[in-house]
Number of protein chains: 2
Amino acid sequence: MKIAVIGLGLIGGSFALEMKRLGHHVVGFEADETHAKRAIERRLVDQICTMDECIEVSDLLVLATPVDAINALLPELLAKIKDHQVVIDFGSTKGAILAEANKHVKRGRYVACHPMAGTEFSGPEAAVTDLFANKFVVICDRDDSDADALSLVNGIFDALKMKTVHYSGDLHDIHAAFVSHISHISSFSLALTVLEKEKNQKDIFQLAAGGFTSTVRLAKSAPHTWVPIFLQNRHHLLEVLQSHIEQLRAFELALSNNSASSLQDLIERANHIKKII
Amino acid sequence: MKIAVIGLGLIGGSFALEMKRLGHHVVGFEADETHAKRAIERRLVDQICTMDECIEVSDLLVLATPVDAINALLPELLAKIKDHQVVIDFGSTKGAILAEANKHVKRGRYVACHPMAGTEFSGPEAAVTDLFANKFVVICDRDDSDADALSLVNGIFDALKMKTVHYSGDLHDIHAAFVSHISHISSFSLALTVLEKEKNQKDIFQLAAGGFTSTVRLAKSAPHTWVPIFLQNRHHLLEVLQSHIEQLRAFELALSNNSASSLQDLIERANHIKKII
């Protein structure tokens, strides 16, 4: 199969590597020239093409750009593809992208996908093998995709040893807000809290150990990826963020009241996370 | 040397293992009978003793209990030890414990220590080898400790290949609030946020991937460890927590205003954490 990957960063580059390993011919489009050069040097794709060349030669087109670019590119691709071609995206939000896709006469050729895999790094340098194996991938609103398009996509995720689950776009976005997007906001905010203190407190990071690194790791994540995700999912994310702030306020109250029993209760309830992770 | 470790959990148990490896005779006291039994089964110590036996036989006494128990035990130990004996503690707070120590005529026999090492697990089962190598250990208010006591303690941390730094008790507590304690409150609160949602949203954890696990890992930490830490350091911790909530409020405002530029600015500033971790 001929596959075109649009956007050769962490996700697109890692996916391209896997597709090459599985024997597919993989071409790529990358808007950033330095990244395009690096993608070729790292042999993430067989060839760099223009967008029109990608559309011309491929059976499958994969949108792996930031979600604002997915929104802008999807109508263009659906307008230009022939009837046998399939378009998928790997965006971390789905509601806004599906709303765009649903306007289109060729909606059926599109399959909305979100592989739940990633790291805090970005760009072609961040592409790695084995990013996807044993991870979940969400396919949204699958009944709106053509059967042959779905079948092609399922075959690829099976080959990658991913676990496929199905959600509506809206339900996906709610879940993603709770188990991914809020973690990023929390990390960014923790980093800002300590960086702010550093301005008048020398060496504040000297004692940072594993716990700090763990909770702040995601704060390295790139703004060009996360600003559009946060904006596209802002209604759900605001709900989670306000609920998270309420939980922090409960700790604040317990500390203000010097209340061992309140802290004990909060921590015991939080410990139920052991059944999950 | 004969070493008595009081409290055979993650930190005390791991320390006991290392001391045995270095050839010392290690006895232990553990208030929890099940834990005491397990500590012997895992050969964390050569022998379980009563508190008085620990004091009787040891050159060095190590308090590795929760910080509230350290506060209660330290005056008793200082009252009972002979002049050549040394007491150290491994508490994650230092201000309150030092205030207790400073009242005592044998203050010089005590060295306040905090090894910046740990995991989210607790109890003798959590004890591991190699927990301390290459980590920082803080020694607080060292000028108030006798020279021979300091020398003994430095020798041990050198043998463990730890990096020793020196702070006042108060400065230690400020730093610990920023680079350790707030990370725990953040993790507990994130866990509570998602667990609360789970009550009416089935399968909310299905998509949880690496990012979520990373930020919520510390929420498994034990209340008997963390409630007394939070209470002893509550004044500094309240300051950090309020500052952290302000940063989250900035994200909330940016989302409410649908402001790409505000989100871009917040994330770019948070990305400066790359210079640290």
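Reader: How do helix 10 of chain A and helix 10 of chain B run, roughly antiparallel or roughly parallel to each other?
Author: In this predicted model, local features need pLDDT of at least 70 and side-chain atom pairs count only at pLDDT 80 or more, while totals for chains, interfaces and linings use all residues. Residues are numbered from 1 along each chain as its sequence is written, with chains lettered from A and ligands numbered from 1 in the order in which they are written. The two axes (lines fitted to C-alpha atoms, for helices over the stretch in contact, with angles from 0 to 180 degrees between N-to-C directions) come within 10 Å and cross at roughly 165°. Angles under 35 degrees count as roughly parallel, over 145 as roughly antiparallel, 65 to 115 as roughly perpendicular and the rest as oblique, so helix 10 of chain A and helix 10 of chain B are roughly antiparallel.

Reader: And which residue of helix 10 of chain B has the highest number among those that meet helix 10 of chain A?
Author: Helices here (H or I, at least four residues) and strands (E, at least two) are DSSP runs, numbered from the N terminus. Being in contact takes C-beta atoms, placed from the backbone, within 7 Å. Helix 10 of chain A brings residues including A:Arg234, A:Leu241, A:Phe251 and A:Ser256 to this meeting. On the side of chain B, the list starts with B:Arg234, passes through B:Ile245 and B:Leu248, and ends at B:Ser256.

Reader: Which helices of chain B help cover the buried residues of helix 10 of chain A?
Author: Let's take the buried residues themselves to begin with: among them are A:His236, A:Val240, A:His244, A:Gln247 and A:Ala254. "Buried" is 20 or more other C-beta atoms within 10 Å of a residue's own, "exposed" is 12 or fewer, and "partly exposed" is in between, with C-beta atoms placed from the backbone. From chain A, the cover includes helix 7, helix 9 and helix 11. From chain B, it includes helix 7 (169–198), helix 9 (223–232) and helix 10 (234–256).

Reader: Which residue with a positive phi follows helix 10 of chain A?
Author: Look for a phi near 55°. The residue that has it, following helix 10 of chain A, is A:Asn258.

Reader: Stepping back, which element gives the largest share of the side of chain A that touches chain B?
Author: Start with the whole interface, where 79 residues of chain A are in contact with 79 residues of chain B. The elements of chain A giving two or more residues to it are strand 7 (136–140), helix 7 (169–198), helix 8 (210–216), helix 9 (223–232), helix 10 (234–256) and helix 11 (260–270). The largest share is 21 residues, and it comes from helix 7 of chain A.

Reader: How far apart are the axes of helix 7 of chain A and helix 7 of chain B?
Author: Residues such as A:Phe178, A:Ile182 and A:Leu190 meet residues of helix 7 of chain B, including B:Ser186 and B:Lys197. The packing angle is about 160°, so these two helices are roughly antiparallel. Their axes are 11 Å apart.

Reader: What about chain A on its own: what percentage of its residues are buried?
Author: Chain A has 11 helices and 8 strands, and its C-alpha atoms fill a box of roughly 65 × 40 × 30 Å along the principal axes. Residues 24 or more positions apart account for 70% of its contacts with a separation of 6 or more. Of the 277 residues in chain A, the buried ones make up 53%.

Reader: Is B:Asp203 buried or exposed?
Author: B:Asp203 sits in the loop between helix 7 and helix 8 (210–216) of chain B. Phi is near 65° there, a positive value in a residue other than glycine. It has 11 C-beta neighbours inside 10 Å, so B:Asp203 counts as exposed.

Reader: And how many C-beta neighbours inside 10 Å does A:Asp130 have?
Author: A:Asp130 lies in the loop between strand 6 (110–115) and strand 7 of chain A, and its phi is positive too, near 65°. A:Asp130 counts as partly exposed because its number of C-beta neighbours inside 10 Å is 14.

Reader: How far is B:Glu125 from B:Gly9 in space?
Author: B:Glu125 belongs to the loop between strand 6 (110–115) and strand 7 (136–140) of chain B. In sequence, B:Glu125 and B:Gly9 are 116 residues apart. In space, C-alpha to C-alpha, the distance is 7.5 Å.

How values were computed. Two residues are in contact if their C-beta atoms, placed from the backbone, lie within 7 Å.
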